[in-house]
Structures are given as structure tokens and as C-alpha cells.
Amino acid sequence: MFGLTFEKLFLVAIVAGLVIGPQRLPIYTHRLAELIRSVRGFIDASKARADLETLDVRQYDPRLIVRKALPEPATAQPADEADLEEQASRVRPGQKYLVTGGSAHPRRILIDSLPVDDPRRLAAHVPPAAADDETELLLAEVDRLVEESAQPPTRR
């Protein structure tokens, strides 16, 4: 430290003891120790301030941490034609919503909001019944029979 050896420091202490005197030497020694502590604290604070200036605090933004931790959300539109066909095979006629995404975060898409030529929308389309459609006539007859059987018998 400043090229001072133990012998030189000892000599300075003896001279200071003679010049200052034995009565005031403890007071000045205490002040010197306080001065050294305050200079050391100032140096440490300057180093810490320099470290904070070089530190990028934006990396600790919670939103950024969450974005990095979570995967990208699934898009509503599949990536290729094979995905479209695979999803269209799971759509039932008359279905209102298409469910995409994982089981933890399912996403419901209204089928009517899909483009008109989308195979998933076409798979959910129910054509209107024709007047002479035999299936519709049979379903109407079944509905009538179910209603009749649900009504209690009438007394005569």
C-alpha cells in the first residue's frame, strides 16, 4: 500500500505519537479509522452503482419471463392441408364449435366463422331436408309416436 513497509508505518506512528501527543493520539486514531471506513464505503457504493448501471433490469420483467417459459399458443388455422383434413374428419354434421389446442387450454372456434371453403365448415354443414325426404318423414312419425306414448291414457 503506497510502498509503505511495516518499518515505515511504525516510524510514522512514533512521529505521530510525538507530534500529536499521547493525550490526543486515541482521538485522532479513531477519526482516521472512521475516515478509512467512509472511504471504503464510498468505493464499495461506487462499484455497486457501476454494476447496477451495466445490469439490464428489463431481463427481470415478469411478462418477459412468462413469455419465455410458456410455449407459443396454438393458432386457429392448422399449418397444412393434412391437418385440415384430419380435423374435418372429427367434425360431426351440425356441430357448432371446433375445439383446438391442448386439454389444459382448449380453444373453441365458431365453425360459422371459418371461411366458406374450409373443409371443417363443409363437414359440419347439414343440408336442408327436402319435402319428400323419407328419413324426415320417418323421424316425424317417431316423434309423434313418442309424444303419444308420453301422454297418459284417457278414460272413457
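Read along the sequence, this protein goes α-α-α-α-β-β-α-α. That pattern comes from six helices and two strands. Keep in mind that you're looking at a predicted model. Of the 156 residues in the protein, buried ones make up 11%.

**The two strands**

- Strand β1 covers residues 97–100 and strand β2 covers residues 107–110; the two run antiparallel, joined by four bridges.
- To find one of those pairings, start at Tyr97 and look across to β2, where its bridge partner is Leu110.
- β1 and β2 form a hairpin, with six residues between the strands. Look there for Gly101, which takes a positive phi near 85°.
- Tyr97 has another neighbour to look for: Arg108 lies over the face of the Tyr97 ring, at 3.8 Å from the ring centre.
- What about rings pairing with rings? The count of aromatic pairs comes to zero.

**Just past the hairpin**

- Follow the chain on from β2 and you get to the loop that leads to α5 (119–124), which is where Ile111 is found.
- Is Ile111 buried or exposed? Ile111 has a relative accessible area of just 2%, so it counts as buried, the cut-off being under 20%.
- Ile111 and Lys96 are 15 residues apart along the chain, yet their C-alpha atoms are separated by 5.7 Å.

**Salt bridges**

- How many salt bridges does a search of the whole structure find? The search turns up five.
- One of them links the side chains of Arg120 and Asp118, with N to O at 2.8 Å. Both of these residues are buried.
- Now jump to helix α6, which spans residues 134–150. Here the side chains of Arg144 and Glu141 meet in a salt bridge, with 2.3 Å from N to O.
- Arg144 and Glu141 are three residues apart in the helix, so about one helical turn separates them.
- Arg144 also forms a salt bridge with Glu148, and the closest N and O atoms of that pair are 2.5 Å apart. Glu148 and Arg144 are four residues apart in α6, again about one turn of the helix.
- Put those two bridges together and you get one network: Glu141, Arg144 and Glu148 are joined by salt bridges that share partners.
- How open are the members of this network? Arg144 has 37% relative accessibility, so it counts as partly exposed. Glu141 is partly exposed too, with a relative accessible area of 35%. Glu148 comes in at 45%, which also makes it partly exposed.
- It's worth setting the two sites side by side: Arg120 and Asp118 are buried, whereas Arg144 is partly exposed.

**A nonpolar patch on the surface**

- Which residues make the nonpolar surface patch of about 790 Å²? They are Phe6, Phe10, Leu11, Ile14, Val15, Leu18 and Val19.
- Phe6 sits in helix α1, which runs over residues 6–20.
- Phe6 has a relative accessible area of 65%, so it counts as exposed, the cut-off for that being over 50%.
- Compare two nonpolar residues you've now met: Phe6 is exposed, while Ile111 is buried.

Key
Residues are numbered from 1 along each chain as its sequence is written. This is a predicted model: local features need pLDDT of at least 70, side-chain atom pairs count only at pLDDT 80 or more; totals for chains, interfaces and linings use all residues. Side-chain values use heavy atoms; hydrogens and water are left out. A salt bridge is a side-chain nitrogen of Lys or Arg within 4 Å of a carboxyl oxygen of Asp or Glu. Buried means under 20% relative accessible area, exposed over 50%, partly exposed in between (1.4 Å probe, protein chains only). Patches are made of residues with over 30% relative accessible area and no salt bridge: like charges are joined within 9 Å, nonpolar side chains (Val, Leu, Ile, Met, Phe, Trp, Tyr) within 5 Å. Accessible areas come from the Shrake-Rupley method with a 1.4 Å probe; for residues, only the protein chains shown count as cover. Two strands pair if DSSP finds at least two bridges between them. Rings of Phe, Tyr and Trp (its six-membered ring) pair if their centres lie within 6.5 Å; planes under 30 degrees apart count as stacked, over 60 as edge-to-face and the rest as tilted. A charge sits over a ring if NZ of Lys or CZ of Arg is within 6 Å of the ring centre and within 35 degrees of the ring normal.
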